[in-house]
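Here are some exercises to work through with the structure open beside you. Try each task yourself before you read its solution.

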Amino acid sequence: MLTYDYPNIFQRFEVMDRELKDHRILIVDDALENVEILGSILSDYKRSVALSGEKALEIAAGPNRPDLVLLDVMMPGMDGFTVCSKLKSNPGTKDIPVIFVTSMKEVSEKVKGFSLGAVDYITKPYQVEEIRSRIKTHLTISALRNKLTTLNHELEKKVKDRTEELLIAKNQAEESSRVKSHFLALMSHELRTPMAGILGFSDFLLEELKDEESRELVKMINDSGRRLKSTLDSILNFSQIESQKIKANYSDFEIISKSKSLLEYHELNAKLKGLELSFGSESEQLAVRLDEVMYEIIFNNLVSNAIKYTNEGNVRVEIKSGKAGKENVTSLIVSDTGIGIPPEKQEAIFEEFRQVDEGLRRNFEGVGLGLSLVKKYVELMGGQITVSSKVKEGSVFTIKFSDAQQPKSKINSVTGIKEGGTIYGARAGQYPSRDARILLVEDDYTNIKIAQLYLKDVAILDVAKNSDEALDLAKKTLYSAILMDINLGKGMSGLELTKILRKDNKYSNVPIVAYTAFALDGDRENFIEEGCTHYLPKPCSRDELISLLAEVI
Ligand code: ADP
């Protein structure tokens with residue numbers, strides 16, 4: 001509701017009435033008797049008198065500035081019209097209302113007066129009440145206009161001050177968002193790099209070691225590393241959503257083969273718990289347009305939750321497509337025969353850090369960010385997520401994406417890979433040709449060691465520890481592919497090096513994989529834009545690296 005300084009407009013006028021007495025009126029007339037008559041009619045006000053146009057201008061611009069001028073038209077020397085136009089052209093006097101006093105009744109003269117800026121006319125002989133009432137009206141209007149102008153100035157100043165404050169606040173917010181993003185990128189990179197070592201070497205040892213006891217110990221290191229990595233991924237992804245507006249980066253892909261290959265990574269965990277893991281879809285192929293990375297995160301979170309919260313029975317993933325009204329709807333359904341979720345918790349589980357089992361007695365590991373991230377990503381892509389669940393019977397998570405996700409480009413039916421686009425996505429079990437020569441540009445000793453172990457017996461690997469070495473090697477040999485770390489420590493970055501290589505005709509089409517611990521939203525797009533053809537975030541498994549190279553070469 002609006003509130004006013006004055007309870008009502010009438011009270012405001014009363015106040016003005018009292019103030020009017022303090023107003024000053026300048027009477028301009030060459031005839032003394034007229035001055036006297038007008039002076040006595042307006043005895044309630046303060047008055048000044050000018051017997052000529054020149055004097056009137058002097059008084060109006062002086063210290064006793066009048067609030068209104070009564071101006072005779074016919075005067076010897078400077079006439080009333082000239083005085084009026086001079087008053088109106090001076091910024092100091094232009095707002096003083098002018099009323100002409102005349103015996104002329106001709107319309108043309110009145111029109112001339114108004115066009116010069118007069119507010120009214122008084123004609124001789126004088127009508128006392130009429131003059132008083134007109135003067136009062138014009139003084140009131142003028143006072144209100146002045147008040148309005150003052151209020152307007154105050155308002156403008158307030159708006160200006162507030163805008164400045166908001167601008168400062170906006171700059172501060174942008175600065176802290178920039179600092180936060182920088183911190184996230186740094187954290188991501190610094191935590192992922194050593195984790196690549198832990199996961200990479202333990203992966204390799206798991207393959208090499210034959211002794212069961214040692215294998216079990218190494219498996220524990222590997223599992224702990226994976227758990228740490230998935231917690232880190234959730235926290236970083238989530239903080240990133242919170243700190244800035246993330247947009248879905250749509251691309252076309254084939255969702256059935258994609259889902260099947262994602263499911264392969266969960267097979268071992270399901271097997272270890274004795275669970276049956278199955279996949280179903282009505283068709284062999286289904287092209288969709290979604291953010292592929294977000295889809296992977298959604299899929300992996302739902303399936304790993306289903307396995308985590310199921311002790312016996314099965315976990316099933318289904319992809320369906322059908323019509324809902326006029327819209328085509330693609331659904332991802334993940335169901336399990338697990339512990340279930342009580343009805344009163346079915347909403348809270350989508351909130352960050354909320355779990356069914358909270359407090360010290362909780363039975364399952366996890367930080368409670370997975371489902372809130374899933375929900376945010378689903379909604380970012382215009383989809384919906386629902387859950388139906390019964391305690392001790394199991395849960396069904398359903399995600400629906402509608403028409404907006406219709407693919408724009410044709411999907412290659414043999415490879416499931418977008419035509420003319422970036423090839424991405426590991427296809428397990430494929431190997432690059434053994435004599436393929438690959439250049440790894442990497443400054444971190446641990447990462448070099450891991451890549452050498454991963455690609456032992458798979459391809460010939462040359463290593464450059466900085467951009468100069470890389471350029472030297474690239475000149476001598478034409479590599480089948482380059483694995484490019486982005487942060488190369490001193491000297492050029494991986495992206496600068498990529499740009500230089502791309503200028504060389506020999507390397508204009510050679511696959512360059514951004515192989516990096518920079519793994520926040522938007523990083524992949526940035527690397528591809530700068531000239532890389534593929535992107536593989538560290539830490540990655542041996543399978544992921546090998547199958548990506550198999551696709552690339
Ligand atoms: P986290 O698994 O790390 O705790 P989530 O956000 O993924 O975090 O899940 C939140 C909570 O929802 C879990 O702690 C669990 O209580 C419940 N929940 C999620 N998925 C299932 C499921 N398939 N069956 C039973 N409970 C589940």
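A polar contact is a pair of N or O atoms within 3.5 Å; within protein, one must be able to donate a hydrogen and the other to accept it, and residues adjacent in sequence count only if both atoms are side-chain atoms. Before we start, note that this is a predicted model, in which local features need pLDDT of at least 70, side-chain atom pairs count only at pLDDT 80 or more, and totals for chains, interfaces and linings use all residues. Residues are numbered from 1 along each chain as its sequence is written, and side-chain values use heavy atoms, with hydrogens and water left out.

**Exercise 1.** Find Thr310 and work out which backbone oxygen lies 2.5 Å from a polar atom of its side chain.

Solution. Step one: go to the loop between α9 and β9 (314–324), where Thr310 lies. (Helices, H or I with at least four residues, and strands, E with at least two, are DSSP runs numbered from the N terminus.) Step two: look for the partner, which is the backbone oxygen of Ala306. Step three: check the surroundings; Thr310 has a relative accessible area of 0%, so it is buried. Here buried means under 20% relative accessible area, exposed over 50%, and partly exposed in between (1.4 Å probe, protein chains only).

**Exercise 2.** Describe the shell of residues around the ligand and the polar contacts made there.

Solution. Step one: count the shell. The ligand is surrounded by 20 residues, and the closest are Asn305, Tyr309, Gln355, Val356 and Leu371; a residue is near a molecule if one of its heavy atoms lies within 4 Å of it. Step two: sort them into ten nonpolar, seven polar and three charged. (Ala, Val, Leu, Ile, Met, Phe, Trp, Tyr, Cys and Pro count as nonpolar, Asp, Glu, Lys and Arg as charged, and the others, Gly among them, as polar.) Step three: see where they come from. The elements α9 (292–308), α10 (370–380) and β12 (394–401) each supply at least two residues, and α9 has the largest share, with three. Step four: list polar contacts. The side chain of Asn305 has an N or O atom 2.8 Å from a ligand oxygen, while a polar side-chain atom of Asp336 is 2.9 Å from a ligand nitrogen. A backbone N or O atom of Val356 is also 2.9 Å from an oxygen of the ligand.

**Exercise 3.** Decide how the rings of Phe114 and Tyr121, and then those of Tyr295 and Phe299, are arranged.

Solution. Step one: recall the rule. Rings of Phe, Tyr and Trp (its six-membered ring) pair if their centres lie within 6.5 Å; planes under 30 degrees apart count as stacked, over 60 as edge-to-face and the rest as tilted. This rule gives seven aromatic pairs. Step two: the centres of Phe114 and Tyr121 are 5.8 Å apart and their planes stand at 70 degrees, so this pair is edge-to-face. Step three: for Tyr295 and Phe299 the centres are 6.0 Å apart and the planes at 50 degrees, so the pair is tilted. These two are four residues apart in helix α9, so about one helical turn separates them. Both Tyr295 and Phe299 are buried.

**Exercise 4.** Identify the two cis peptide bonds that lead into Pro125 and Pro539.

Solution. Most peptide bonds are trans. The bond from Lys124 to Pro125 is cis, with omega near -5 degrees. The one from Lys538 to Pro539 is also cis, with omega near 0 degrees.
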